[in-house]
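Reader: Hello! I am new to protein models, and I would like to learn how to read their empty spaces and their charged contacts. Could you walk me through an example?

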Amino acid sequence: MDRHLEDPCQWQAHSVTPSPGRFAGISAVGIGNQELFTGGADGSMCIWSQPGRSGDRLLRKIPAHGGAVTCVESAGPAQAFSAGEDGYVRYWSAEVATPSSMETTCDAELPLHNRDCRERTPQSPIYSMCVDRRLSRVLAGAEDGCIRLWDTMVWRPTKRSPHISASEEEPPSLTAVRFNTGEAFYHEFVSGAADGSWCLWDLREAQPVNGAKDPEKSKLMSVALHGARLLTCAENGLLVLWDLRANKVLRKVAPMDGQYLRRSRKGSGTQART
């Protein structure tokens, strides 16, 4: 790590021109064991070799999505899944093309859920995605407020459900989704939304098994779920740690509001100053 920080590598392959949507330049990044993945607001995706490896650094550049690439995650050696504003989740490999090639089709595309096929409407933009390589699953959260789950072992959709908030309005746009990383909780995942609400899901149940909503309706930017602990981070800077089994808040960390932490030179501890 130190060696790479002293001699950083800078690559540019995506257009820096702002797209018509909310993104510009590089809009998503991912990392694998040997490769780096970047997605652009121009809809392209690049697969790079990590510094220090032989050969070209740019392994492949693809026009991946119709709209910005919003999510990129490793799917294994030289493989990745991407999601975009066009509402599709696609699979890519670095080994099917030469470094200078531009492919016009994806290597594989996750099939639409039955209801999406019946409605015959444009796919809702996807703004959050999580890949579970161990159990071959992909989870996505979309602007229409629906979570979508796929089994990539048999390449088929398995679940499509609306995020449920405390209000009776339409489901809020989903901004964060994550599987439970606890060894015994493989059947659980969480979805976070733009209205500050979150839902805990159990694959064995049709509806969420737990949930809460922020009275301030501050958008959830990120969630993390491990065992019985849920960590949520909102747009207003509030960090909340939940105990899901006791159904209570363990700790809240508010924004610093102009304060900063300073460690004493004498090692006497950490002080907060305004």
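**Reading cavities, pockets and salt bridges**

Author: Let us start inside: the residues that line the largest cavity divide into 7 nonpolar, 4 polar and 2 charged. Please keep in mind that this is a predicted model.

Reader: How many cavities of 30 Å³ or more does the structure hold? And what is the volume of the largest cavity?

Author: First the general idea: rolling a probe the size of a water molecule over the atoms shows where empty space is left. Here, 1 cavity of 30 Å³ or more turns up. The volume of the largest cavity is about 70 Å³.

Reader: Which residues lie nearest the centre of the largest cavity?

Author: Those are G87, Y88, L112, Q123 and W150, out of a lining of 13 residues.

Reader: Now the pockets, please. How much space lies in the largest pocket?

Author: A pocket is an open set of points, while a cavity is one the probe cannot get out of. The largest pocket holds about 420 Å³ of space. Its lining counts 24 residues, and T70, Y127, S128, T175 and M221 are the closest to the centre. Two or more lining residues come from each of the strands β1 (26-31), β5 (69-76), β9 (126-132), β13 (174-179) and β17 (220-226).

Reader: Which element gives the most to that lining?

Author: That is β13, with 5 residues. By type, the pocket lining divides into 14 nonpolar, 6 polar and 4 charged residues.

Reader: Let us turn to charges. How many salt bridges does a search of the whole structure find?

Author: To read one, look for a side-chain nitrogen of Lys or Arg within 4 Å of a carboxyl oxygen of Asp or Glu. The search finds 12 salt bridges. One of them joins R90 and E109, with the closest N and O atoms 2.7 Å apart. This pair links distant parts of the chain, since R90 is in strand β7 (residues 89-93) and E109 in strand β8 (residues 108-109), 19 residues apart.

Reader: Is R90 buried or exposed?

Author: The cut-off for buried is under 20% relative accessible area. R90 has 13% relative accessibility, so R90 counts as buried. Its partner E109, with a relative accessible area of 33%, is partly exposed.

Reader: Where do K213 and D195 sit along the chain?

Author: K213 and D195 form a salt bridge, and their closest N and O atoms are 3.7 Å apart. K213 is in the loop between β16 (210-212) and β17, whereas D195 is in the loop between β14 (188-193) and β15 (198-202), 18 residues away along the chain. K213 is at 26% relative accessibility and therefore counts as partly exposed, while D195 is buried at 11%.

Reader: What about R137 and D132: are they buried or exposed?

Author: Both R137 and D132 are buried. They form a salt bridge too, with 2.6 Å between the closest N and O atoms.

Reader: Which residues are linked in a network of salt bridges?

Author: D116, D144, R148 and R160 are linked in that way.

Reader: And which residues form a nonpolar patch on the surface?

Author: L231, L239 and V253 do, with about 190 Å² of accessible area together. Among them, L239 lies in strand β19 (residues 239-243) and counts as partly exposed, because its relative accessibility is 30%.

Technical notes: Residues are numbered from 1 along each chain as its sequence is written. This is a predicted model: local features need pLDDT of at least 70, side-chain atom pairs count only at pLDDT 80 or more; totals for chains, interfaces and linings use all residues. Side-chain values use heavy atoms; hydrogens and water are left out. On a 1 Å grid over the protein atoms alone, a cavity is a set of points where a 1.4 Å probe fits but cannot get out, and a pocket is an open set with protein on both sides within 12 Å along at least five of seven lines; lining residues have an atom within 4 Å of a point. Grid points are joined across faces, edges and corners, and a volume is the space filled by probe spheres set on the points. Ala, Val, Leu, Ile, Met, Phe, Trp, Tyr, Cys and Pro count as nonpolar, Asp, Glu, Lys and Arg as charged, and the others, Gly among them, as polar. Patches are made of residues with over 30% relative accessible area and no salt bridge: like charges are joined within 9 Å, nonpolar side chains (Val, Leu, Ile, Met, Phe, Trp, Tyr) within 5 Å. Accessible areas come from the Shrake-Rupley method with a 1.4 Å probe; for residues, only the protein chains shown count as cover. Helices (H or I, at least four residues) and strands (E, at least two) are DSSP runs, numbered from the N terminus. Buried means under 20% relative accessible area, exposed over 50%, partly exposed in between (1.4 Å probe, protein chains only).
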